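Colleague: Please take a close look at the disulfide in this structure. Which residues are joined, and where do they lie?

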Amino acid sequence: MTSKLSLWRGGALSLLALLLCTCGSAEKPAEVVEEKPATSVATSSPAYESLSFDRLKHIYENATYMDATFYDLPISINQNETAQIQTTLAGIGSQPMAYRPDCKPIGHIWFQINGKNVEEADIYFEKGCVGYVWYDAGKPAFSNAMTEDGARFYLNIMSQVPEDLR
């Protein structure tokens, strides 16, 4: 009996260590390999404070629809299931996004609660600018870095677009 208990404790501790290591890596801001040549040597720095935890929590708990459009890709993302929306929101980091003045958004994302837009942001996805710039009263006001999981989400979406349409 003692050997089974020791084996169970060892397995439980290993699982706990794995979970702690996995959870810590999700918050690390993503870095995207740049596909286009750089046009300037500007440095990256946070341009806006992060969108508050309370606002992110509100959309995480209440959003009923998410829509994202891309400016140069023939795709959009539409989600109306809570689990899908929450997975997308989990790709938003708590830190402000590093930002260069020459960064250009690749798209725009909206979150709705019962048909009403409650939060919207530009999506940035290039080296030195990986994250979201959120709007308040129609103007850019906040930013959040994208996590590695968030970057993988967009890479997966983009990989489904044929090369000749990118």
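Modeller: Cys-103 and Cys-129 are joined by a disulfide, with an S to S distance of 1.5 Å; the term covers a pair of cysteine sulfur atoms within 2.5 Å. This is a predicted model, in which local features need pLDDT of at least 70 and side-chain atom pairs pLDDT 80 or more, while totals for chains, interfaces and linings use all residues. Residues are numbered from 1 along each chain as its sequence is written, and side-chain values use heavy atoms, without hydrogens and water.

A search of the whole structure finds one disulfide. The torsion about the S-S bond of Cys-103 and Cys-129 is about 60°, so the disulfide is right-handed. Cys-103 sits in the loop between β4 (98–99) and β5, and Cys-129 in strand β7, so the pair ties together parts 26 residues apart in sequence. Strands here are DSSP runs (E, at least two residues), numbered from the N terminus. Cys-103 is buried at 3% relative accessibility, and Cys-129 is buried at 0%; buried means under 20% relative accessible area, exposed over 50%, and partly exposed in between (1.4 Å probe, protein chains only).

Strands β5 and β7 each also border a loop with a backbone feature to check. Most residues other than glycine have a negative phi. Asn-114, in the loop between β5 (107–113) and β6 (116–126), has a positive phi of about 50° and is exposed at 67%. Ala-137 has a positive phi of about 55°; Ala-137 lies in the loop between β7 (129–136) and β8 (139–145) and is exposed at 78%.

Key: Helix = DSSP H or I, 4+ residues; strand = E, 2+ residues; numbered from the N terminus.
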